[in-house]
Amino acid sequence: MKRKTSRITTIVHRDLTESVVTSLKNQGVLYYQIEAGRYPVLAKRGLWFFDFYQNHAIIDMPVSILEILCEESSENFLISMIRDAAELNIPGHGSVYSESIELISANQNFYIHSSKEIKKPIGFTGLTGIFCVLPRGSAEPIAKLLLQNGIAVPTISYGTGTGLRDRLGLLRITIPKEKEILKLIVHSSDIEHVLDFMIEVGRLDLPGRGFIFEFPVGHGLLNNKVSLEGPKQAASMDQIISALDQLYGNMEWRKKSNQFRISLRHRNYFEGVNLVLNCKEESMEFVTSALRKVGVTSSTISLKRMAHTGNTDSMFTPAREVANLLIPKKNLPEVIEVLNGLEFFDEKFEGIAYTMEIPRAFSYQSKKSNQK
């Protein structure tokens, strides 16, 4: 059974987490997922000739990443509530955005939040997200260039990779299992150029360097704090950008396309679905091993916590593992059949599964398979 719902992703400075969680509890949100992450910002520039060479260092700000599954009619209310709780109109406080998902495990409706309906969309539309998995330590150079070019403020979290590393023989020694997950939201008109930019900088056309895909975003409010540089005028550049967003009512004026060099290399992109699996900790490896027989050979697994705000006992084990599996859409029925056979959605695993459409993705594997 499938069901259209929404996922609200909130990224806030760690000091604002309690304020957001209190608001969620007050509005009757029973379940949300949370994990730790960081968003990088440019430090103040050095003196004299270091200024000339734009010698910006990167400083990491600790953030909490919260995810809520809700009815489509509730997403505007939740975004509005989170905006007010975290004061997201202030640069550096964080971001919130919605995505349309297709829930597979719809027999567990109690964790899908339903609240008041606000018909007027909150935030900006015309946005697209980028999800990029890289070896540990590789995200910072990409983040620095994204910030220096004013493209977006990325968020970095951590995970463990499986798949290609296990099939590379001696080369696997040089490819760590530890991964960094870099996510950012950009204006949709810039997506092609930003994807190409990140593939080149991250060398994602080489084996073991990870993968990247874009995903649709409904609407949201985005953090624009790219630097700790103090304002030299009455208002900082971050505040000016925020004011222009409000003035125009959208983010289209921020388009960066003309600042990128369009690559002459042909990219072998492919499309599919991102299957998100969520289950008890220390269970995911068994699940992904079973899925190999239907061609699911790689995934990225991260640790999260399922928080419960109610007065009664939670229906879920708090410690969770979440896997992102990029698969062809035609393979989805087979994958669901395997999950049902494992009793993934029952008490044994406490499984949750949903999919998101992936219009464009790239990896070393996709390049190799297209050449054959």
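The paragraphs below describe a predicted model of a single protein chain, moving from its overall make-up to its charged and polar side chains.

The fold is built from nine helices and 13 strands. The chain has 372 residues, of which 55% count as buried. Among contacts with a separation of 6 or more, 83% link residues that are 24 or more positions apart. About 17,700 Å² of the chain is exposed, and 52% of this area is supplied by carbon and sulfur atoms.

A word on confidence is useful before turning to side chains. The average pLDDT of the chain is 84, and 80% of the residues reach at least 70. Residues 165-174, however, have a pLDDT below 50, and this stretch makes 10 contacts in the model beyond near neighbours in sequence. Residues 367-372 likewise stay under 50. For that segment, the model holds four contacts beyond four places in sequence.

Charged pairs come next, and the whole structure contains 13 salt bridges. One of them joins Lys304 to Glu67, with 3.3 Å between the closest N and O atoms. Lys304 belongs to strand E11 (residues 299-308) and Glu67 to strand E3 (residues 58-70), so this bridge ties together parts that lie 237 residues apart in sequence. Lys304 counts as buried because its relative accessibility is 12%. Glu67 is also classed as buried, with a relative accessibility of 9%.

A further salt bridge is formed by Arg267 and Asp196, whose closest N and O atoms are 2.8 Å apart. Here Arg267 sits in the loop between helix H6 (237-248) and strand E10 (270-280), while Asp196 is part of helix H5 (residues 191-202), so the pair connects parts separated by 71 residues in sequence. Both Arg267 and Asp196 are buried.

Arg360 and Glu214 provide another example, with a distance of 2.7 Å between their closest N and O atoms. Since Arg360 lies in strand E13 (residues 352-363) and Glu214 in strand E8 (residues 211-217), this bridge ties together parts 146 residues apart in sequence. Glu214 has a relative accessible area of 8% and is therefore buried. Elsewhere, salt bridges with shared partners bring Arg7, Glu35, Glu67, Glu99 and Lys304 into one network.

Glu321, in strand E12 (residues 319-327), offers a contrasting case. This residue is buried but has no salt bridge. The nearest side chain of opposite charge belongs to Arg320, at 9.1 Å. What lies 3.1 Å from a polar atom of the Glu321 side chain? It is the backbone nitrogen of Glu282. Apart from neighbours within four places in sequence, the contacts of Glu321 include Leu277, Asn278, Cys279 and Lys280, as well as Glu281, Glu282, Ser283, Met284 and Glu285. Ile301, Ser302 and Leu303 are also in contact with Glu321.

The last site to consider is Ser98, which is placed in strand E4 (residues 94-103). Its relative accessible area is 1%, so Ser98 is buried. The side chains of Ser98 and Glu75 make a polar contact at 3.3 Å. Glu75 also appears among the residues that contact Ser98 when neighbours within four places in sequence are left aside, together with Arg7, Ile8, Ile79, Val217, Gly218 and His219. Arg7, one of these contacts of Ser98, is also a member of the salt-bridge network that contains Lys304 and Glu67.

How values were computed:
Residues are numbered from 1 along each chain as its sequence is written. Side-chain values use heavy atoms; hydrogens and water are left out. Helices (H or I, at least four residues) and strands (E, at least two) are DSSP runs, numbered from the N terminus. Buried means under 20% relative accessible area, exposed over 50%, partly exposed in between (1.4 Å probe, protein chains only). Contact means heavy atoms within 4.5 Å. Accessible areas come from the Shrake-Rupley method with a 1.4 Å probe; for residues, only the protein chains shown count as cover. pLDDT is the predictor's confidence in each residue, from 0 to 100. A salt bridge is a side-chain nitrogen of Lys or Arg within 4 Å of a carboxyl oxygen of Asp or Glu. Lys and Arg count as positive and Asp and Glu as negative; His and the chain ends are not counted. A polar contact is a pair of N or O atoms within 3.5 Å; within protein, one must be able to donate a hydrogen and the other to accept it, and residues adjacent in sequence count only if both atoms are side-chain atoms.
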